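Trainee: Could you take me through one part of this model closely? I would like to look at the salt bridges and what surrounds them.

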Amino acid sequence: NLTKPFAPRPLLRFLELLADFRFFFPVSVALLLACPYSSPLRRHLFLPLALCSLLDLIFIALLKLIVRRSRPTYSHHGDYNAVVPVDHFSFPSGHSSRVFFVASIFSFSKLRMVDAIADLHHPRLFMIIDHWFGGEEVFAINAVVTAVWAWASATALSRIALGRHYVLDVFFGACFGVLEALFTLRFLEIQTWI
């Protein structure tokens, strides 16, 4: 109730849509398929995003079926209807786990992204980096990673503000998202050794 007068509902609903699996998974697969095979971004950013998406879907669905915690009663108010239909269970927050695994993968892949930008010979990209970031690729990547973490945090808070989840649902969803990212990146690292 405290967030209702201050929370811009269209923004909260937009964040909800961006973090929904039915939107995020096709976008991550499209990015994976559109990225050149030789690009380090394919292996170290887009592949982990797509694989972690599937892991997240399975893991969070299983936890929700095991725990079966009902959503908050205030989530049924007319002002805060879901943009997309949601399941009936609250713990853990799938949206929170999804945005936090994305932010974690971006964080853990920072050095690979810097290498990928350095390997690109795209004059327009370098013009943008030079104009906005003074030619500093590392600073540009840090700005992107910071923006992704801000998006993840705003989305997680929106789950509480929209009345979809309790605070602990969001907290544990975020923790599970970070763990899923670590697991996925470690799994892919092991696969390159085999």
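Mentor: Happily; here is a walk through the salt bridges, then a helix contact, then the cysteines.

This is a predicted model, in which local features need pLDDT of at least 70, side-chain atom pairs count only at pLDDT 80 or more, and totals for chains, interfaces and linings use all residues. Residues are numbered from 1 along each chain as its sequence is written, and side-chain values use heavy atoms, with hydrogens and water left out.

The structure holds two salt bridges, each being a side-chain nitrogen of Lys or Arg within 4 Å of a carboxyl oxygen of Asp or Glu. One of them joins Asp56 to Arg98, with 3.5 Å between the closest N and O atoms. This pair links distant parts of the chain, since Asp56 sits in helix 3 (residues 40–67) and Arg98 in helix 4 (residues 94–108), 42 residues apart. Helices here are DSSP runs (H or I, at least four residues), numbered from the N terminus. Asp56 has 0% relative accessibility and so counts as buried; Arg98, at 7%, is buried as well. The cut-offs are under 20% relative accessible area for buried, over 50% for exposed, and partly exposed in between (1.4 Å probe, protein chains only).

The other bridge pairs Asp169 with Arg69, whose closest N and O atoms are 2.9 Å apart. Asp169 belongs to helix 8 (residues 167–193) and Arg69 to the loop between helix 3 and helix 4, so the bridge ties together parts 100 residues apart in sequence. Asp169 is buried, at 0%, whereas Arg69 is partly exposed because its relative accessibility is 29%.

Helix 4, home of Arg98, also packs against helix 7 (residues 137–161), at an angle of about 170 degrees and with the axes 9 Å apart. The axes are lines fitted to C-alpha atoms over the stretch in contact, and angles run from 0 to 180 degrees between N-to-C directions. The two helices are therefore roughly antiparallel, a label for angles over 145 degrees. Contact means heavy atoms within 4.5 Å, and on the helix 4 side the residues include Val99, Phe100 and Phe106, which meet a set in helix 7 that includes Val148, Trp149 and Arg159. The contact has 12 nonpolar residues, six polar and one charged, where Ala, Val, Leu, Ile, Met, Phe, Trp, Tyr, Cys and Pro count as nonpolar, Asp, Glu, Lys and Arg as charged, and the others, Gly among them, as polar.

Finally, the cysteines: a search of the whole structure finds zero disulfides, meaning cysteine sulfur pairs within 2.5 Å. Cys35 is buried at 9% relative accessibility, and Cys52 is buried at 0%.

Definitions and conventions
Parallel < 35°, antiparallel > 145°, perpendicular 65-115°, else oblique.
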